[in-house]
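Thanks for coming, everyone. I'd like to walk you through one model today, so let me put it up on the screen.

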Amino acid sequence: MPETTDELAKPQLPDAIDVPVLFRDGPGGRTREQWRRTDHAEWTGTGFPPADGWYLPTTTWREIMKSAVSVGRDFTPWLDNPDYAPREIAARISPLDSCLDLHPAPALHKGSAGRRLTANIVLEKTETSGFGAFSYRLGMTFAEWACRSLMGLGETRHIESSWPQDIKDPAQGKKKIKGEKNLRPDLWGPHYAEGRYWLVEAKGGTLNRGPLDRGWAQLQGGCSVIHPHGVDHRVVLCGANIRRGVSLWNDVFVIIRHEHHPGTEPSGPGFDGPGSPTGSQSAEDVLDSDESGSSLLDVARSQMLPYLALRSLWQSAPSRLRLVPVARDRTARRGTGGRLTLMENDHTTLERRDVLRAAESRADSNVWEAGLESFLTGRVPGTEVTLGMSGRLYAACEELSRADREIAERTTGLRAADRVARPILNDQDLVLESGKVRREYRERQEEARPRVQRRLHTAYLNSLEQPWEDRLSAAPQVVVSPRALEATTPETYLAIRPESLPRR
C-alpha cells in the first residue's frame, strides 16, 4: 500500500524536513513572518487541503533532490553530448546543497520532523546576483515539489518547449513590439486525478507582493493562450520564499495560490482510455497495461536527463555504475501521486535483499531468482546523489534517444555541430531563431509520436528478461545494500549519502 503521511514523516528518518506552506484559493496579501507561528495545520493526503491557511507538511531531502532533478526536463541540449547531462543535474542540486542548512523547530504534529530548512552563512553573505541565481533554482525545485509531492501533478514540462495538447502560442516566432508584454508561466503538466492540465509559475527568493503579482500575471498570460481552445485547466502559483537577514531562523516556506478555469471541451488526451493514468496514479503506474505506448513515451521523456547521465557514466567512468536490487513487485513502491517510496517503507525489497545476502550471492541471475530486479544506478559527479532506473525504462529511454536523434539530424540548426559561423545576433533575434528550430523539431516529434510509441513498446517488452551485460557489454557490480538513504518510484531510483544532508 502507498505510504501515509505519518509513515513518510516518521521522526527517525534522518532526512525528514518540515516545510511551512501558505495555501490560498486565489491571490492574497502579505505573509509577514507568519511562517513562524505554531498553529499550522497538518497537510494530509495528496491534493488540496480543506481550507485556506498555513500548513506544515513533512517531506524528506530525498523528495527535494528528486524535484530538483525532475522539474521541466527539456533534454534537447544534450542530444549531441550526454556528458553535459550530469553537469546539468549537478547545477540543479549544488545550489541547494551549498546554501541551505537545517535548524530545530517545533514539531507541531505527530509526524513532524522538528527541523526546517534555512539559509546558511553562504547564502546570507552572497551578493545580490548570486542570490538571484539561487532563487531561480529554489523556486523551480519547490514548485515541482509542491505540485507533484503535495498535490499529485504528473510530469512537468517547460512552457518554452511545448503547450498542452500541442497548442501553438501566437506570440512564438514573432518579434516583440515595443511596450507589448507576452507574459507566460514556467511549466505545465497533466493532473490525472483532476483530469485537467495545470499551468504553473515558479517564484523563488524574497517574495513580496510585487513578484507574486507578476507571477499571477504570467499565469493569466498563459490562460490567454489556452482559453481560445476551450481546454479545462488550473493555474497554480508556487513561491518558495526565503528571507535573508531576518534571523538565523529564516525558514524556507512555500506560498501556493490557484484558480480553476473551466473549459468548453472534454478532458484532453491521456486522461482516459486503456493504459491511461486515472485517479491518483502516475504514468509509471500503468505501464503494464499501456499497449499503445503513450504513457511509456511520457515516462521515458520525463526521465531522459537521468538516462543520459547514466549513459555518460557508462562511456566515461563505468566503474562508477552499480546494480541495486529492487523488488520486482511494483505495487510495493507506488507512492501517492509524484511521491517517492522510501526504502524504509519498502518491506518487500528489504526482505528479499536479506534472502540474497543470506545466499552470499552477487551474480545478476540470482537477483532475478530472488524476486528482485537490478536497477542501474550511478552517482552524479560533483554531488552525493545517486540516480538510477529499471532495465525496462532504460531500454525505452535508449530507443527514445535513438528516435529523437534521428529527428534532430533532419532538423537543420538544432545540433551544435550543424551551426556554421555567422554574424553575431542580438538577444531577440537569437531567441527567435532558436525558437523556430525548436518548434520545427517539436512538430516532427509529434508527427512521429505514434511510430515512436510502437518502437518504445517493443523495446520495453523485449527488455523484460534481458540481462544488463547484453545492454552494456558488461554487467556492473551488484551492491545488495547501499550505505545510503534510498527511495524509488515504480521505475526510478534515488539515493543520497547520510553525511551529505544539510547541516544542523
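Let's start on the outward side of helix H9, where Glu351, Val355 and Ala358 are exposed. This is a predicted model, by the way, so keep that in mind throughout. Now, which residues of H9 are buried? Those are Thr349, Arg353 and Leu356. Looking down the axis of H9, the buried residues fall within an arc of 60°, so they line one face of the helix. That fits the usual geometry: an α-helix has 3.6 residues a turn, so residues three or four places apart point the same way. And the length of H9 checks out too: its 12 residues, 347–358, should span 16 Å at 1.5 Å a residue, and the end C-alpha atoms are 17 Å apart, which agrees.

Okay, on to the inside. The largest nonpolar core has 93 residues, and the ones touching the most other members are Trp61, Phe142 and Ile256. Which helix gives the most to this core? That's H5, residues 128–150, with 10 residues. There's also a second, separate core of 21 residues, and Trp35, Trp216, Val225 and Ile226 are among them. As a general point, nonpolar side chains in soluble globular proteins tend to be buried together.

Let me zoom in on Trp61. Setting aside neighbours within four places in sequence, Trp61 is in contact with a list that includes Asp15, Ile17, Leu96 and Leu100, and also Ile496, Leu501 and Pro502.

Thr58 is in strand E4, which covers residues 58–60. Is Thr58 buried or exposed? It's buried, with a relative accessible area of 8%. Its side chain makes a polar contact with the side chain of Asp18, at 2.6 Å.

Now the sheet. It's an open one with seven strands, in the order E3-E2-E11-E10-E9-E8-E7, and the pairing is mixed. Strands E3 (53–55) and E7 (157–158) stand at the edges with a single partner strand each, so one side of each has no neighbour in the sheet. Further in, E9 (residues 196–205) and E10 (residues 233–241) pair in the parallel sense over nine bridges. If you want one pair to click on, Lys203 has Gly239 in E10 as its bridge partner.

Last stop: Arg442, in helix H12, residues 427–462. Arg442 is buried, with a relative accessible area of 16%. Arg442 and Asp404 are 38 residues apart in sequence, and C-alpha to C-alpha they're 9.9 Å apart in space.

Notes
Residues are numbered from 1 along each chain as its sequence is written. This is a predicted model: local features need pLDDT of at least 70, side-chain atom pairs count only at pLDDT 80 or more; totals for chains, interfaces and linings use all residues. Side-chain values use heavy atoms; hydrogens and water are left out. Helices (H or I, at least four residues) and strands (E, at least two) are DSSP runs, numbered from the N terminus. Buried means under 20% relative accessible area, exposed over 50%, partly exposed in between (1.4 Å probe, protein chains only). A polar contact is a pair of N or O atoms within 3.5 Å; within protein, one must be able to donate a hydrogen and the other to accept it, and residues adjacent in sequence count only if both atoms are side-chain atoms. The expected span of a helix is 1.5 Å times one less than its number of residues. The arc is that of the directions from the helix axis to the C-beta atoms. A nonpolar core is a set of buried Ala, Val, Leu, Ile, Met, Phe, Trp, Tyr and Cys residues joined through side-chain atoms within 4.5 Å. Contact means heavy atoms within 4.5 Å. Two strands pair if DSSP finds at least two bridges between them.
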